[in-house]
Amino acid sequence: MPDEMLEILKRRRSIRKFREEKLTKEEVEKILKAGLLAPSSKNKKPVELILVEDPHTIQALKNCKNMGTAGLDSAACAIVVTADSRKSDVWVEDASIAATMMMLEAESLSLGSVWIQIRNRQSASADAEIEVRNLLNIPESYGVLNILAFGRKAEEKAPYKEEDLQRSSVHRERF
Ligand SMILES: Cc1cc2nc3c(=O)[nH]c(=O)nc-3n(C[C@H](O)[C@H](O)[C@H](O)COP(=O)(O)O)c2cc1C
């Protein structure tokens with residue numbers, strides 16, 4: 001029996017060019033569900049997701065960061081991953097897991113995605129996290145981890161092969 005999860009993990013690549021076609025409501029709903037299914041420390045569920053489908057707002061999100069935003073040029077939608085830092089001292093980890101699970105669900109639907117880092121990144125003149133927070137009315141206590149861009153793939157990237165795995169990163173019994 002093929003290991004379906006590993007196949008999805010190998011196929012997932014960062015996709016930064018998308019076709020014009022929108023995603024269906026069902027596809028978007030499944031991606032959001034994957035985020036909501038993520039585990040969180042002490043089950044505090046600090047993560048909150050902002051779905052953005054308006055092309056003008058997607059463009060405005062792009063302007064919140066000075067580089068690495070190519071994925072937003074043609075994205076069908078974006079999900080901004082935030083978390084209430086008052087609810088959890090490990091909100092970064094919680095938000096990262098939710099983001100990863102949404103990217104993997106997208107791949108399982110043969111959709112493309114890319115992680116656009118916002119936390120600890122800059123816009124042309126200020127802090128990218130503050131810019132995104134202001135743009136989308138996100139309360140100050142919420143951290144903004146990243147923006148995920150989604151769409152139908154308009155670029156082909158080869159899936160990872162067994163030979164691509166950096167085996168030296170695995171240690172056994174001790175470092
Ligand atoms: C924490 C993190 C931050 C990233 N930030 C960006 C980003 O700001 N812009 C971007 O286009 N890609 C970003 N990426 C995607 C990486 O460049 C990409 O995952 C890496 O080059 C490996 O390629 P792959 O995703 O195709 O396996 C980020 C990925 C991670 C995990």
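The following paragraphs describe the ligand site, the nonpolar cores and several individual residues of a predicted model.

The ligand is surrounded by Arg 12, Arg 13, Ser 14, Arg 16, Lys 65, Gly 68, Val 114, Trp 115, Ile 116, Gln 117 and Tyr 160. When the residues of this shell are sorted by character, 4 are nonpolar, 3 are polar and 4 are charged. Polar atoms of the protein approach the ligand at several places: a polar side-chain atom of Arg 16 is found 2.7 Å from an oxygen atom of the ligand, and a polar side-chain atom of Tyr 160 is found 2.4 Å from an oxygen atom of the ligand. The backbone takes part as well, since a polar backbone atom of Trp 115 lies 3.2 Å from a nitrogen atom of the ligand. Of the 620 Å² of accessible area that the ligand has on its own, 61% is covered by the protein.

Away from the ligand, attention turns to the interior. The largest nonpolar core consists of 23 residues, and those with the most contacts inside it are Leu 23, Ile 31, Val 81, Met 102 and Phe 150. Two or more residues of this core are given by each of helix H2 (25-36), strand S2 (77-84), helix H4 (91-108) and strand S4 (142-151), and the largest share, 7 residues, comes from H4. The surroundings of Val 81 illustrate the packing: apart from its neighbours within four places in sequence, Val 81 is in contact with Val 47, Glu 48, Leu 49, Ala 95, Ala 99, Met 102, Gly 143, Val 144, Leu 145, Asn 146 and Leu 148. A second core, separate from this one, has 21 residues, among them Leu 61, Ala 128, Val 132 and Ile 138.

Individual residues on helices and strands were then considered. Arg 11 belongs to helix H1 (residues 4-11) and counts as partly exposed because its relative accessibility is 34%, a value between the limits of 20% and 50%. Although Arg 11 and Pro 159 are 148 residues apart along the chain, their C-alpha atoms are separated by 4.3 Å. Beyond its neighbours within four places in sequence, Arg 11 is in contact with Glu 107 and Pro 159, and its side chain makes a polar contact of 3.2 Å with the side chain of Glu 107.

Lys 62, in helix H3 (residues 55-62), is classed as buried because its relative accessible area is 19%, the cut-off being under 20%. With neighbours within four places in sequence left aside, the contacts of Lys 62 are Thr 69, Ala 70, Leu 72 and Asp 73. Leu 51, by comparison, is placed in strand S1 (residues 47-52) and is partly exposed, with a relative accessible area of 33%. Its contacts, again leaving aside neighbours within four places in sequence, are Val 28, Leu 32, Cys 77, Ala 78 and Ile 79.

Finally, the backbone was examined in two loops. Most residues other than glycine have a negative phi. Lys 45, which is not a glycine, nevertheless has a positive phi of about 45°; this residue lies in the loop between H2 and S1 and is exposed, with a relative accessible area of 51%. Asn 137, also not a glycine, has a positive phi of about 60° and is located in the loop between helix H5 (128-136) and S4, where Asn 137 counts as exposed because its relative accessibility is 68%.

Definitions and conventions: Residues are numbered from 1 along each chain as its sequence is written. This is a predicted model: local features need pLDDT of at least 70, side-chain atom pairs count only at pLDDT 80 or more; totals for chains, interfaces and linings use all residues. Side-chain values use heavy atoms; hydrogens and water are left out. A residue is near a molecule or strand if one of its heavy atoms lies within 4 Å of it. A polar contact is a pair of N or O atoms within 3.5 Å; within protein, one must be able to donate a hydrogen and the other to accept it, and residues adjacent in sequence count only if both atoms are side-chain atoms. Accessible areas come from the Shrake-Rupley method with a 1.4 Å probe; for residues, only the protein chains shown count as cover. Ala, Val, Leu, Ile, Met, Phe, Trp, Tyr, Cys and Pro count as nonpolar, Asp, Glu, Lys and Arg as charged, and the others, Gly among them, as polar. A nonpolar core is a set of buried Ala, Val, Leu, Ile, Met, Phe, Trp, Tyr and Cys residues joined through side-chain atoms within 4.5 Å. Buried means under 20% relative accessible area, exposed over 50%, partly exposed in between (1.4 Å probe, protein chains only). Helices (H or I, at least four residues) and strands (E, at least two) are DSSP runs, numbered from the N terminus. Contact means heavy atoms within 4.5 Å.
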